[in-house]
Amino acid sequence: MTDGRTALVLTGGGARAAYQVGVLVAIRDVWGKRSGNPFPILCGTSAGAVNAVALAAYSADFDAAVRKLAFIWRNFHVDQVYRADTAAVVRSVTRWGSAIFLGWLFHQVPRSLLDNEPLRALLTAMLDFGAIDRAIADGHLRAVSVTASGYTSGESLSFFQGVPALEPWRRAQRVGLRASLAVDHLLASSAIPFVFPAVRLHREYFGDGSMRQQAPVSPAIHLGARRILVIGAGRRGEEARQRTYDYPSPAQVAGHAMASIFLDGLTTDLERLERINATLAALPPGAREAAGIPLRPIETLVIAPSQRLEYIAARYRNALPPALRLVLRGVGATRRNGSMLLSYLLFERSYTRALVELGYRDAMARRGEIARFLGLDSVQGRSSD
């Protein structure tokens with residue numbers, strides 16, 4: 001069984017975070033009817049922060065927490081996250097058009113492409129933030145962190161709530177700060193640049209935590225993790241380059257930029273961690289302590305999509321409201337090569353259910369690894385719901 005130092009790291013990715021929920025449903029099935037919380041340390045970024053805080057708030061009952069998350073993600077509509085009706089889309093296009101062509105005259109700068117006030121309402125209604133302190137006091141939770149990116153400082157700041165023994169930290173462009181987590185922390189962490197508005201916390205405006213997050217696994221280590229399960233939102237490994245003759249559409253360029261924000265940092269950080277583990281393993285017993293090396297090996301397990309999520313998103317592009325679909329079509333987001341952008345914004349149940357199912361299949365294909373990672377002596381059978 002877990003020893004209180006097992007962490008779950010949930011990365012960013014907008015609607016792609018539905019994949020995480022499918023993996024969590026599988027982990028719930030592998031965990032079976034055992035009591036307790038398999039992940040006393042929870043770290044989330046962007047949409048992954050929402051999932052992490054939901055798990056933290058209901059950490060006294062892991063089964064119930066996963067059920068609540070699965071119900072929400074399996075029944076999503078974009079109007080629960082941002083306003084996508086015709087009037088809202090027209091207002092947004094008008095504001096941005098005016099800013100581009102008449103901004104010099106009116107000195108108006110639009111805050112974002114989309115209005116995510118519906119997401120604030122959803123999070124306020126669904127999450128009991130006061131339950132986090134109760135879970136910590138009752139021993140169900142060691143810590144939970146939410147990472148956001150400061151637009152002024154350029155720092156990656158991880159707001160954490162946890163046991164009193166935990167200390168804040170500061171590294172190059174990385175800060176850990178104790179805080180009482182609230183809706184604004186989640187909105188800041190998930191504020192995709194240009195798409196959703198930045199959020200002011202304390203003295204600074206913050207945006208999506210995946211920006212400038214060079215070490216996504218680091219918060220879990222600072223919070224005491226010795227074993228870390230990471231659920232990614234993009235395929236790991238290299239793919240063969242394909243010959244192309246068409247000039248990249250704006251959506252393809254934007255999707256490429258988003259991939260660099262949401263996906264590349266995790267891959268680099270995991271490679272760094274693997275090198276450190278290999279180096280520590282090569283040292284003779286006791287040599288690390290004798291040399292005063294303040295590092296320890298960290299066991300990791302990474303579960304990432306077996307399929308390209310943007311290709312799945314392209315199949316469900318018609319689920320978007322007509323006005324928004326028209327705008328995205330204009331920038332090339334409904335084409336296969338531009339669907340990376342679409343994959344972050346498609347909060348519709350046809351797409352999110354497909355990702356939940358993919359996550360479940362990918363994780364159950366590795367159920368033996370998951371059981372060993374969680375220290376389970378056997379895998380109990382359980383059906384998904």
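This tour moves through a predicted model, from a pair of packed helices to the nonpolar core, the salt bridges and one buried arginine.

**Helices α2 and α6**

Begin by selecting helix α2, residues 47-57, together with helix α6, residues 130-137, and look at the place where their axes come within 8 Å of each other and cross at roughly 55°. At that crossing angle the two helices, α2 and α6, are therefore described as oblique to each other. To see what fills the contact, show the side chains of V53, A56 and A57 on α2, which meet A131, I132 and A135 on α6. Coloured by residue class, this contact of α2 with α6 has six nonpolar residues, with no polar and no charged ones.

**The nonpolar core**

Stay with α2 and select L55, then add Y82: in the largest nonpolar core, which has 121 residues, L55 and Y82 are the members that touch the most others. Helix α1, residues 18-31, is the element to display alongside them, since it gives the most to this core, with ten residues. Which residues does L55 touch, once those up to four places away in sequence are set aside? Selecting them brings up L8, L10, L24 and L42, and also F62, A65, V66 and L69.

**Salt bridges within helices**

Turn next to the charged side chains, for which a search of the whole structure finds 13 salt bridges. Select D63 and R67, whose closest N and O atoms are 3.0 Å apart in a salt bridge. Both belong to helix α3, residues 62-74, and because they are four residues apart there, D63 and R67 are separated by about one helical turn. D63 has 21% relative accessibility and so counts as partly exposed, and R67, at 38%, also counts as partly exposed.

Move on to helix α5, residues 117-126, where E117 and R120 are three residues apart and therefore separated by about one helical turn. The side chains of E117 and R120 meet in a salt bridge, at 3.5 Å from N to O. In this pair E117 is partly exposed at 38% relative accessibility, and R120 is partly exposed as well, with a relative accessible area of 26%.

**A salt bridge between separate elements**

Now select E155 and R170, which form a salt bridge with their closest N and O atoms 2.8 Å apart. E155 lies in the loop between β3 (143-150) and β4 (156-162), while R170 is in strand β5 (residues 169-171), so this pair ties together parts that are 15 residues apart in sequence. Are the two partners buried or exposed? E155 is buried, with a relative accessible area of 16%, whereas R170 is exposed, with a relative accessible area of 53%. Before leaving the salt bridges, select R28, D29, D63 and R67 at once, as salt bridges that share partners join these four residues into one network.

**R142**

The last stop is R142, which is placed in the loop between α6 and β3. With a relative accessible area of 17%, R142 falls under the 20% cut-off and is therefore buried. Leaving aside neighbours within four places in sequence, display the residues that R142 contacts, beginning with G4, R5, P40 and I41, continuing through Q161, G162, V163 and L166, and ending with L223 and G224.

Terms used. Residues are numbered from 1 along each chain as its sequence is written. This is a predicted model: local features need pLDDT of at least 70, side-chain atom pairs count only at pLDDT 80 or more; totals for chains, interfaces and linings use all residues. Side-chain values use heavy atoms; hydrogens and water are left out. Axes are lines fitted to C-alpha atoms, for helices over the stretch in contact, and angles run from 0 to 180 degrees between N-to-C directions. Angles under 35 degrees count as roughly parallel, over 145 as roughly antiparallel, 65 to 115 as roughly perpendicular and the rest as oblique. Contact means heavy atoms within 4.5 Å. Ala, Val, Leu, Ile, Met, Phe, Trp, Tyr, Cys and Pro count as nonpolar, Asp, Glu, Lys and Arg as charged, and the others, Gly among them, as polar. A nonpolar core is a set of buried Ala, Val, Leu, Ile, Met, Phe, Trp, Tyr and Cys residues joined through side-chain atoms within 4.5 Å. Buried means under 20% relative accessible area, exposed over 50%, partly exposed in between (1.4 Å probe, protein chains only).
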